Amino acid sequence: MSKHPAAAVPETLFADPEAEARWRARFTASRMSLPRWAQDAPDRNLYRSNASGVWEVYAWDRATDIHRKVTDRPNGTWSATISPDGERIWWFDDTDGDEFGAWVTEPFAGRPPDSAPAPGVEGAIPGYSSGISLGHTVDAVGVSTDDGTTIFAARAGGPGAVIYRNTHDAGVAALSRDESLLAIEHSEHGDTRHPALRVLAVADGGPVAEKWDGKGKGLEAVDFSPVPGDQRLLVVHERRGRDELLIWDVAADAETELAIDLPGELSAAWYPDGTAILVMQTHEVRDSLYRYDLSGGALSKLDIPRGSIAGAQVRPDGTVEYSWSNAAAPPVIRSLHPDGTERVLLDPDGGTTPGSTELEDAFVPSGDGTAHALIARPAGAPDAPLPTVFLLHGGPHSADEDRFSAYRAVWLDAGFAVVHVNYRGSTGYGSAWRDASEGRPGLTELADVAAVHARMVEKGFADPARCVVGGASWGGYLSLLALGTQPQLWAAGVAGVPVADYLAAYEDEMEPLRAFDRSLFGGSPDDVHDLYVECSPITYVDEVRAPVLILAGENDPRCPIRQIDNYLDRLAAHGASYEMYRYDAGHGSLVVAEMIKQTAVEVHFAKRALGMP
């Protein structure tokens with residue numbers, strides 16, 4: 001039993017039964033990921049859903065419209081894929097969210113009752129997943145451990161053979177259609193945040209081709225062409241300071257940069273015949289889709305609603321399917337047909353989920369650039385400064401977008417204005433903005449948060465005496481760091497699964513995270529010890545003045561529990577006002593009831609800290 005004060009768990013957040021039912025309905029509503037189909041059996045599909053109350057893997061046969069729940073585990077299942085012939089489903093088998101385990105496989109139609117799934121690759125060691133790519137006769141999986149990365153390739157269902165091993169972080173990216181080549185991303189140059197590419201011969205693991213753009217310029221292998229015999233690889237590069245696209249003909253070792261004149265950052269997927277790509281443009285946190293013809297360079301914008309896309313791909317008949325939402329409208333799976341007609345393909349909750357409030361944009365000068373904030377006021381709120389929660393995203397290489405969030409919506413329902421800050425370190429604004437926190441992480445981001453805070457107070461949006469800072473993962477780290485380095489700004493703080501003591505976190509976290517930290521800080525704690533100390537929340541714990549709530553998973557490999565206990569012990573010694581909530585899972589929960597419970601704990605804590613009814 002923890003010696004630290006336990007967070008209060010309210011039975012309800014709202015006295016009004018309709019308001020209580022509304023916020024819970026947003027969480028309990030059925031959700032699903034974009035279905036992924038087998039390349040050569042497109043009626044056989046795989047997706048994730050929370051329909052059972054836990055995020056699990058489901059199979060969907062479009063021909064019969066039969067949906068089948070594949071996995072059923074207490075803490076849920078996240079990672080899964082399907083073989084190109086549609087015969088087998090693969091999913092990653094970890095323990096209670098600890099992310100350490102192995103890939104297993106079972107028939108698409110299901111395994112016999114009381115039988116266990118088969119090992120995906122015989123002989124592969126357990127570890128953290130570092131990518132997977134499946135073929136008809138070749139299956140490749142990457143495994144990360146404290147010793148580095150190992151990639152196994154199994155042929156015709158036989159045992160796995162090691163085709164790559166290195167102490168640096170690396171991962172499986174793509175298998176060519178003829179299954180002779182495997183593209184991997186690696187950091188043998190010492191920078192996992194800006195990876196290089198290597199193409200291996202599946203037969204013996206020998207290098208076939210290499211591509212590295214130099215220091216500070218990463219490459220991402222998207223996929224090989226879907227056409228048999230075509231060894232072109234679609235790649236994302238950042239040679240001009242933002243994510244753009246190129247085609248790498250591996251057989252000829254020749255590349256073609258795609259000159260696509262669109263602002264923002266670009267990603268893409270192949271059209272099935274290999275003559276075009278589906279381009280997704282992300283610009284100021286909203287997404288657009290285009291067809292780009294590779295032969296002549298024609299770019300055609302697709303007619304989709306304004307908002308954010310959580311995934312998009314092209315069916316064999318040219319239909320584009322995508323997962324869409326915006327801040328006001330819950331997510332649905334939509335289809336855009338070649339003739340221009342559009343429809344909702346799948347709406348898991350039948351359109352019954354309560355909506356929320358639209359987001360507005362605020363652009364605030366900060367440092368050498370402009371921080372983009374997304375803001376919302378509660379419906380019917382008075383035109384006066386409001387209690388405001390600054391919700392800081394994780395990552396750090398991520399971004400808050402114009403997408404639906406049941407979590408954001410309940411803060412608005414509770415009477416809080418909401419501010420999201422896409423601080424330096426966020427993606428979507430170019431390489432320089434994303435990498436600006438390198439060498440001084442945490443403190444750099446908080447300078448942007450402070451600038452946005454000042455602007456919100458200045459314009460009468462936020463009440464300076466009632467501002468809460470909160471977030472999870474990297475956002476939780478920033479929240480704790482803000483409470484200690486900016487105590488005058490915050491009336492309360494909420495930190496979910498945070499880095500709290502960076503030196504201890506580095507010792508205990510999974511190796512891929514240590515590699516990330518070395519890239520971000522410019523070395524390990526042995527190399528730049530003082531920088532880790534300067535950027536660690538525990539360094540400033542004695543300066544914390546506001547009440548703080550910390551939530552943590554017992555099995556978290558990313559922000560391990562020991563370093564959080566260290567911080568809590570220091571809070572206790574300091575006599576700070578704080579509460580702790582522990583749960584039996586990893587870096588977050590896939591159980592809907594647990595998500596609801598944690599959200600209620602957070603909002604209830606903040607309201608009590610601010611003296612709100």
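Two strands count as paired here if DSSP finds at least two bridges between them. With that in hand, hello everyone, and let me walk you through this predicted model.

I'll start with the open sheet. Eight strands make it up, in the order 29-30-32-31-33-34-35-36, and the pairing is mixed. At the edges sit strand 29, residues 360-366, and strand 36, residues 578-583, each of which pairs on one side only. On average, and ignoring direction, neighbouring strands in this sheet are turned by 20 degrees against each other.

Let's look at one edge. Strand 29 runs antiparallel to strand 30, residues 369-376, and seven bridges join the two. If you want a spot to click on, V364 stands opposite A371 in strand 30.

Now, what lies across strand 33? That is helix 5, residues 474-485, and it runs at about 140 degrees to strand 33, which spans 462-472. Helix 5 also lies across strand 31 (386-392), strand 34 (492-496) and strand 35 (548-553). Helix 9, residues 561-574, packs on the sheet too, touching strand 35 and strand 36. The direction of helix 9 makes about 160 degrees with that of strand 36.

Next, strand 23, residues 286-293. Is it largely enclosed or left open? Six of its eight residues are buried, so strand 23 is largely enclosed by the rest of the structure.

Strand 23 has a hairpin on either side of it in the sequence, and I'll take them in turn. Strand 22, residues 276-283, is joined to strand 23 by eight bridges, antiparallel. Within that pair, T282 has D287 as its bridge partner. Two residues separate the strands of this hairpin, and E284 in the turn has a positive phi of about 50 degrees.

On to strand 24, residues 299-301, which pairs with strand 23 over three bridges, again in the antiparallel sense. Here Y290 stands opposite K301. This hairpin has five residues between the strands, and G297 takes a positive phi near 80 degrees.

Last topic: the cysteines. How many disulfides does the structure hold? Zero. Take C535: its sulfur is 15 Å from the closest cysteine sulfur, the one in C559, and that is too far for a bond, because a disulfide needs the two sulfurs within 2.5 Å. C535 is also buried, with a relative accessible area of 0%. C467 is buried as well, with a relative accessible area of 0%.

That's my tour, thanks for listening!

Terms used
Residues are numbered from 1 along each chain as its sequence is written. This is a predicted model: local features need pLDDT of at least 70, side-chain atom pairs count only at pLDDT 80 or more; totals for chains, interfaces and linings use all residues. Side-chain values use heavy atoms; hydrogens and water are left out. Buried means under 20% relative accessible area, exposed over 50%, partly exposed in between (1.4 Å probe, protein chains only). Helices (H or I, at least four residues) and strands (E, at least two) are DSSP runs, numbered from the N terminus. Axes are lines fitted to C-alpha atoms, for helices over the stretch in contact, and angles run from 0 to 180 degrees between N-to-C directions. Contact means heavy atoms within 4.5 Å.
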